Amino acid sequence: MTLENENGLREFIRKAALQNALHHGGKAQQGPIIGKLLGEHANLRAKVKELTSLVNVALAEINSMAPEEQRRIVEEKWPEMLKKEKIEEEKKLPPLPNAAKYSKIVTRFSPNPDCVLHLGSARAIILSHDYARLYRGKFILRFEDTDPKVKRPSLEFYDRIREDLDWLECKIDEEYIQSDRIPIYYEYTERLLRQGNAYVCNCLPDEFRSKTLKSRPCNCRNMPIEEHVKRWNRMLDGTYAEGEVVLRIKTDLEHPNPAVRDWPALRIIDERKYPHPRVGSKYRVWPLYNLAAGLDDHLLGITHIIRGKEHLTNQVRQEFMYKHLGWDYPEAIHYGRLKITGAHLSKSKIVQGIREGAYKGWDDPRLATFSALRRRGITPNAINKMIISVGPKTADVILSWENLYSYNRKTLDPQVDRYFFVQEPVKLIVKHLPKRFQVKLPRHPSKPERGFREYIIEPGKEKTATFWIAKKDSETAEVGKMIRLMELFNIVPKTLRANGIEAHFASEPYEDAREARAQLIHWIEARDDLQCEVVMPDATVAKGLAEAACRELKPNNVIQFERFGFARIDEVSSKIIAYYAHK
Ligand SMILES: [Zn+2]
């Protein structure tokens with residue numbers, strides 16, 4: 001920000017006034033603007049009178065505009081102001097319903113370990129975890145792995161899910177695996193059977209459906225309890241084959257939603273054809289989702305179930321079972337759909353893409369898996385902030401990658417070091433250097449305590465030095481038009497050729513560059529060429545050179561390549577490999 005000349009000051013006042021107007025329903029206030037100006041620029045204190053009159057001129061202009069007009073100007077000239085404004089409204093979670101009824105709040109996250117986790121799971125994880133912490137309660141991880149056939153779990157995913165939760169900083173207080181709990185589900189199933197609240201149905205699916213659609217019982221429903229106990233034993237001992245029977249929970253056959261009527265609770269899966277990855281062929285009768293999840297929520301003492309509204313019907317189904325067992329249903333919060341435009345969130349498509357080799361792995365940068373986000377330098381803090389800003393509301397929400405990036409940028413910007421990466425390097429020869437230059441590039445412009453990258457530019461024969469600059473920057477260079485090499489000196493191009501630029505040294509002070517409105521570009525001295533490849537979010541690779549100081553980087557360091565973007569260092573060897581996060 002340049003305040004030395006009056007135009008610069010006017011512009012600055014206009015910006016401050018517009019910002020203030022945005023926060024005050026379109027009417028900017030004089031006092032706060034002057035306060036802000038004096039706070040940020042102590043040298044203006046001597047000129048309060050002039051300042052006040054300039055502020056009044058700006059206020060007269062801006063306060064006569066419609067708020068939409070004000071916003072349009074801001075969008076056009078200072079779009080970063082609107083982004084900042086959005087981020088700064090930090091949201092807090094609303095209180096849980098009926099929290100006081102429970103001595104300890106218990107929540108759970110219950111994934112099927114049939115795939116890695118992705119951004120689509122973030123809401124269930126973070127809300128469940130953060131509410132447990134907020135109330136000093138308990139957060140349970142429950143693996144729902146009772147379908148060895150269609151949604152077949154795989155051993156690697158149990159660990160990958162634990163790792164993802166750990167990375168998200170969601171500490172698990174207790175862990176349960178449903179495939180270890182089969183005897184418990186059998187025990188309650190038998191209780192329901194002996195009560196007459198469950199039955200083993202051998203009807204063909206179409207037959208069952210056509211009857212229940214008319215609210216009529218199937219042929220099995222009203223048979224004596226002993227018959228169903230017998231049938232149950234035949235399920236367990238292998239008399240029945242896969243697909244022959246299903247155990248159903250009795251509900252209200254008049255229930256307005258036919259999908260609720262006498263829902264299936266357990267079925268047979270051929271244990272030799274479909275052994276379970278953890279328990280092998282030990283079981284052939286497997287609980288379906290509503291039986292296992294429904295029983296576990298009560299048995300594990302879950303007080304608040306936090307899940308998507310697609311589960312609303314499941315609650316209705318499970319409430320019948322709860323009634324049969326004399327239990328109260330936990331508090332349930334059903335949030336709306338969260339869509340992230342441009343993110344591939346279909347588990348089956350991810351799995352298929354990996355199997356077919358379209359993606360390089362679970363952390364392929366094109367995926368929205370947590371492992372891919374981690375590899376790119378997206379922070380758990382950014383994901384958390386984004387999810388908390390949406391909260392548990394029931395309305396559907398659409399977010400974009402840019403929403404996540406702006407949270408991440410805000411997290412990274414103050415803490416990561418900066419370096420130069422020259423993409424598609426083009427040679428720049430600078431002639432007539434008057435002396436040797438010792439340059440100190442701050443690792444972070446507002447944090448000198450983070451130290452500097454130091455380079456010495458030693459003029460060679462004929463007082464020349466050779467640099468690499470990005471192809472993009474070379475393309476905008478014009479003969480005779482000043483360019484500033486950041487933090488170094490100003491040059492004037494003399495000849496532009498496809499294989500490089502020849503320029504003359506112009507001057508050293510930054511002020512000269514400002515006056516000439518010179519483009520500021522980053523550079524690397526051509527001496528110690530450190531190859532660098534940046535894997536982009538579309539899996540293409542940006543190739544170039546990194547400055548020598550990048551040799552000190554370690555894998556997992558997240559940095560900012562100036563004028564290029566944030567990236568996570570993936571590999572440091574004879575070359576650097578980084579994964580791109582965002583601008
Ligand atoms: Zn039947």
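**Close-up 1. Helix α11 passes helix α12 in a right-handed crossing.** This is a predicted model, and here we zoom in on a pair of packed helices. α11 covers residues 289–299 and α12 covers residues 312–325. Their axes sit 10 Å apart and meet at an angle of about 60 degrees, which makes the pair oblique.

**Close-up 2. The contact between α11 and α12 involves residues from both helices.** On the α11 side you'll find Y289, N290, L291, G294, L295, D297 and H298. They meet N314, R317, Q318, M321, Y322 and L325 of α12.

**Close-up 3. Q318, a residue of helix α12, is buried.** Its relative accessibility comes out at 0%, so Q318 falls under the 20% cut-off for buried. Leaving aside residues up to four places away in sequence, Q318 touches W263, Y289, N290, G294, R307 and Y329. Y289, N290 and G294 also turn up on the α11 side of the helix pair.

**Close-up 4. Four cysteines hold the zinc ion through their SG atoms.** The protein donors are C201, C203, C218 and C220, at 2.3 to 2.4 Å from the zinc ion. Along the chain, these donors follow the spacing C-x1-C-x14-C-x1-C. The angles that the four donor atoms subtend around the zinc ion run from 103 to 117 degrees, so the arrangement is tetrahedral; the criterion is that all angles lie between 85 and 135 degrees.

**Close-up 5. Two of the zinc donors, C218 and C220, are buried.** C218 has a relative accessible area of 5%, while C220 comes in at 1%. Both count as buried because that label applies under 20%.

Methods: Residues are numbered from 1 along each chain as its sequence is written. This is a predicted model: local features need pLDDT of at least 70, side-chain atom pairs count only at pLDDT 80 or more; totals for chains, interfaces and linings use all residues. Side-chain values use heavy atoms; hydrogens and water are left out. Donors are N, O and S atoms within 2.8 Å of the metal (3.2 Å for Na, K and Ca); water is not among the atoms, so sites may look incomplete. Four donors count as tetrahedral if all angles lie between 85 and 135 degrees; four count as square planar and six as octahedral if opposite donors are over 155 degrees apart and all others between 65 and 115; anything else is irregular. Buried means under 20% relative accessible area, exposed over 50%, partly exposed in between (1.4 Å probe, protein chains only). Axes are lines fitted to C-alpha atoms, for helices over the stretch in contact, and angles run from 0 to 180 degrees between N-to-C directions. Helices (H or I, at least four residues) and strands (E, at least two) are DSSP runs, numbered from the N terminus. Angles under 35 degrees count as roughly parallel, over 145 as roughly antiparallel, 65 to 115 as roughly perpendicular and the rest as oblique. A crossing is left-handed if the near helix is turned anticlockwise from the far one by less than a right angle, and right-handed if clockwise. Contact means heavy atoms within 4.5 Å.
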